[in-house]
Amino acid sequence: MYAVINSGGKQIRVEPGATVRLESLEGKVGDKVSLDEVLLVNDDGKVKIGTPVVKGVKVSGTIVEHGRGDKITVFKFKRRKMYRRKQGHRQNYTAIKVEAIGSDKKK
């Protein structure tokens with residue numbers, strides 16, 4: 001079973017038990033998180049595609065860590081003009097351990 005979620009403007013495929021890095025989310029390490037924007041769910045060949053989201057399905061997980069990604073270098077250059085700008089960037093992230101993909105209806 002897997003699902004495709006939308007978080008931070010990116011689409012990420014998640015499975016129960018997997019740890020994924022998302023854009024920074026509010027909360028402390030150990031807090032429970034519920035992600036509502038589920039775009040697709042595949043349950044043993046039964047595929048549900050949302051328009052734009054699948055209604056009644058949530059992905060729940062636990063925050064494992066907050067951190068910063070690898071540094072990238074942004075370099076602007078125009079030849080023969082002596083124009084050079086060098087800048088670095090590190091993106092913040094939140095790592096989440098996915099626990100369950102399921103409906104938010106009470107059984």
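Two strands pair if DSSP finds at least two bridges between them. Keep that rule at hand for the exercises below, which work on a predicted model.

**Exercise 1. Which strand does β1 join, and in which sense do the two run?**

Step 1. Find β1, which covers residues 2-7.
Step 2. Look for its bridges: four of them lead to β5. The rule asks for at least two.
Step 3. Read the direction. β1 and β5 run antiparallel.
Step 4. Check one position. Tyr2 has Asn42 in β5 as its bridge partner.

**Exercise 2. Describe how β5 and β6 are linked.**

Step 1. Locate the strands: β5 spans 38-43 and β6 spans 46-49.
Step 2. Take the bridges. Four of them pair β5 with β6, in the antiparallel sense.
Step 3. Pick a facing pair. Leu40 lies opposite Ile49 of β6.
Step 4. Examine the turn. Two residues sit between the strands, and the whole forms a hairpin. Asp44, in that turn, has a positive phi of about 55°.

**Exercise 3. What lines the largest pocket, and which element gives the largest share?**

Step 1. Start with the space: the largest pocket holds about 190 Å³.
Step 2. Go to the lining, which consists of twelve residues. Nearest the pocket's centre are Met1, Val41, Asp43, Lys48 and Val57.
Step 3. Assign elements. β5, β6 and β10 (92-103) each give two or more residues to this lining. The largest share is that of β10, with three residues.
Step 4. Sort the lining by character: five residues are charged, four nonpolar and three polar.

**Exercise 4. How many helices and strands does the protein chain have, and why is it called more spread out than a compact globule?**

Step 1. Count the elements. The protein chain has ten strands and zero helices.
Step 2. Compare the radius of gyration with the rule. The chain's value is 18 Å, and the globule rule gives 13 Å for 107 residues; 18 Å is well over that, so the chain is more spread out than a compact globule.
Step 3. Look at the box around the C-alpha atoms. Along the principal axes, its sides are roughly 70 × 30 × 20 Å.

**Exercise 5. What share of the residues is buried, and what share of the contacts joins residues at least 24 apart?**

Step 1. Set the cut-off: buried means under 20% relative accessible area.
Step 2. Apply it. Of the 107 residues in the protein chain, 27% are buried.
Step 3. Turn to contacts between residues at least 6 apart in sequence. Of these, 63% join residues at least 24 apart.

Notes: Residues numbered from 1 in each chain as written. Predicted model: local features only at pLDDT ≥ 70, side-chain atom pairs only at ≥ 80, totals over all residues. Heavy atoms only, no water. 1 Å grid on protein atoms, 1.4 Å probe; cavity = no way out; pocket = protein on both sides within 12 Å on 5 of 7 lines; lining within 4 Å. Points joined across faces, edges and corners; volume = space filled by probe spheres on them. Helix = DSSP H or I, 4+ residues; strand = E, 2+ residues; numbered from the N terminus. Nonpolar A, V, L, I, M, F, W, Y, C, P; charged D, E, K, R; others polar. Rg over C-alpha atoms; globule rule 2.2 N^0.38 Å. Buried < 20%, exposed > 50% of the residue type's maximum accessible area, 1.4 Å probe, protein only. Contact = heavy atoms within 4.5 Å.
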